[in-house]
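User: I'd like a close look at how one pair of helices packs, and then how that pair fits into the rest of the fold. Keep it chatty, but give me your cut-offs.

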Amino acid sequence: MTRTDYPWLLPSEMIDPRGPELPGDRGRARPRRTVRDWIIDTLMFLLAAAIGLIALEASEKAGNSENIVLVDMIVGVLACCALWTRRRWPVGLALVLGAVSAVAPVSGGAAVVALFCVAVHRPFRVVAAVGGLSLVAGCLQTVIRPDPSTSLTAGLIATVVLILMVTGWGMLVRARRQLVVALRERATRAEAEAELRAEQAQRLAREAIAREMHDVLAHRLTLLSVHAGALEFRPDAPAPEVARAAGVIRDSAHEALQDLRMIIGVLRAPGDEGDRPQPTLVTLDALVAESREAGMKVTLDSRIDDPAAVPAATGRTAYRIAQEGLTNARKHAPGTEATVEVSGGPGDGLTVQVRNAAPPGEVPRVPGSGQGLIGLTERALLAGGRFEHGATGDGGFAVRAWLPWAA
């Protein structure tokens with residue numbers, strides 16, 4: 001989810017996930033002021049008070065009586081204090097302060113601040129109406145209580161320019177906030193859509209695997225059920241028929257298990273089978289040639305007439321075992337000769353052995369030693385075979401694996 005590192009630096013409307021308040025959302029609970037809101041409200045109060053003091057000084061210089069000056073002072077203080085409610089009632093406050101400012105110039109600063117708040121928090125039609133009333137009130141103030149140090153024309157122009165600038169500034173702030181909210185909503189929507197796409201991809205993958213399991217295993221399990229049922233209902237069948245049915249059951253169970261292992265392999269490493277060609281026993285010659293090009297002495301003794309006839313999963317496991325054995329020989333016995341032996345056949349299984357002689361001198365220990373052998377043991381067990389490794393009588397080392405090869 002999108003988040004903000006410093007929410008206290010944002011307006012409270014921007015923290016609210018519903019965004020700025022809309023006309024139809026007047027009844028919803030207002031968010032609490034943030035630190036930024038308190039700072040802005042305090043600055044707005046001080047700005048309005050400063051403008052009020054300037055207007056009060058101008059009222060004294062205009063020769064007004066002490067009573068008028070006192071009333072102006074009281075009205076100015078009340079107007080500035082009323083600004084603390086501008087977030088709750090922005091439109092009403094702006095209308096009241098605009099009307100009061102027509103006869104009390106000391107409240108003019110508070111009226112400008114209230115107008116700015118309306119421009120930030122309300123749509124254009126409301127802002128235009130309140131701004132028009134503020135413009136009329138400002139012009140009336142210039143006529144009713146003119147500034148003796150400024151001409152009437154200059155006062156009117158200054159009033160119009162100030163109100164237009166404040167209104168435009170507030171509308172710009174509102175537009176920027178709406179843009180940020182729109183971008184945040186778009187980011188949130190994009191995250192939700194990405195999660196939905198991921199869930200859909202997982203669901204489609206599960207459905208594909210379910211279909212694959214049904215297509216692969218249904219036929220073999222049906223054969224198992226039919227022949228097992230025949231043995232159950234015909235216990236007096238001749239021995240050859242019983243043996244043939246048992247053989248079919250055994251072969252079907254073995255093939256079903258192999259297919260299930262392949263499907264589980266896809267689950268364990270999704271995408272690996274289809275991203276690149278997988279090595280098999282056919283590519284063992286290329287592995288030996290690559291090791292020889294690296295300067296290693298390797299002898300290959302393969303007694304498999306047709307490596308392509310070896311099942312792909314079995315051949316891949318044999319290839320990985322030979323690869324790890326040669327890697328270990330190169331790391332732990334550099335300069336020695338390694339021998340790779342491959343033998344076996346359908347029904348007998350596939351045997352892979354990698355032996356190397358003792359190193360001529362002391363070889364420093366390689367970090368991470370033994371991790372590859374652990375992985376090969378797990379790989380051989382998953383394939384239904386077994387894996388052995390250890391030192392030989394002459395000080396060398398050998399790894400040996402037997403893998404099932406169906407007849």
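Are helix 4 and helix 5 roughly parallel or roughly antiparallel to each other?

Analyst: A bit of bookkeeping before the answer. This is a predicted model, so local features need pLDDT of at least 70 and side-chain atom pairs count only at pLDDT 80 or more, while totals for chains, interfaces and linings use all residues. Residues are numbered from 1 along each chain as its sequence is written, and side-chain values use heavy atoms, with hydrogens and water left out.

Now your pair. Two packed helices are described by the angle between their axes and the distance between the axes. For helix 4 (residues 90-101) and helix 5 (residues 108-121), the axes come within 8 Å and cross at roughly 150 degrees. Helices here are DSSP runs of H or I with at least four residues, strands are E runs of at least two, and both are numbered from the N terminus. The axes are lines fitted to C-alpha atoms, for helices over the stretch in contact, and angles run from 0 to 180 degrees between N-to-C directions. The two helices are therefore roughly antiparallel to each other. That label applies to angles over 145 degrees, with under 35 roughly parallel, 65 to 115 roughly perpendicular and the rest oblique.

Helix 4 also passes helix 5 in a left-handed crossing, where left-handed says that the near helix is turned anticlockwise from the far one by less than a right angle, and right-handed that it is turned clockwise.

Who does the touching? From helix 4 you get P90, V91, L93, A94, L97, G98 and S101, and they meet G108, A110, A111, A114, L115, C117 and V118 of helix 5. Contact here is heavy atoms within 4.5 Å. By class, the helix 4 and helix 5 contact has eleven nonpolar, three polar and no charged residues. In that scheme Ala, Val, Leu, Ile, Met, Phe, Trp, Tyr, Cys and Pro are nonpolar, Asp, Glu, Lys and Arg are charged, and the others, Gly among them, are polar.

Helix 5 has another partner further along. Its axis and that of helix 6 (residues 124-144) come within 9 Å and cross at roughly 165 degrees, so helix 5 and helix 6 are again roughly antiparallel. This crossing is left-handed too. Here L115, V118 and A119 of helix 5 meet V126, V127, V130, G131 and S134 of helix 6, which splits into six nonpolar, two polar and no charged residues. L115 and V118 appear in the contacts with both helix 4 and helix 6.

Just upstream of your pair, R86 sits in the loop between helix 3 and helix 4. R86 is buried at 5% relative accessible area, where buried means under 20%, exposed over 50% and partly exposed in between (1.4 Å probe, protein chains only). Leaving out residues up to four places away in sequence, R86 touches I40, D41, M44, L93, V113 and C117. L93 and C117 are also part of the helix 4 and helix 5 contact.

On the other side of that loop, helix 3 (residues 66-82) packs with helix 2 (residues 35-61) at about 170 degrees, with axes 10 Å apart. Helix 2 and helix 3 are therefore roughly antiparallel as well. F45, A48, A49, L56, S59 and E60 of helix 2 make this contact with V69, D72, M73, C80 and C81 of helix 3. Here the tally is eight nonpolar, one polar and two charged residues.

So where does the pair stand in the wider model? The chain has twelve helices and five strands, and 32% of its 407 residues count as buried. The largest nonpolar core has 28 residues, and L281, L284, L326, V340, L350 and F387 have the most contacts inside it. A nonpolar core is a set of buried Ala, Val, Leu, Ile, Met, Phe, Trp, Tyr and Cys residues joined through side-chain atoms within 4.5 Å. Helix 11 gives the most to this largest core, with six residues. Apart from it lies another core, of 21 residues, and among them are L97, A111, L115 and I163. L97, A111 and L115 will look familiar from the contact between helix 4 and helix 5.
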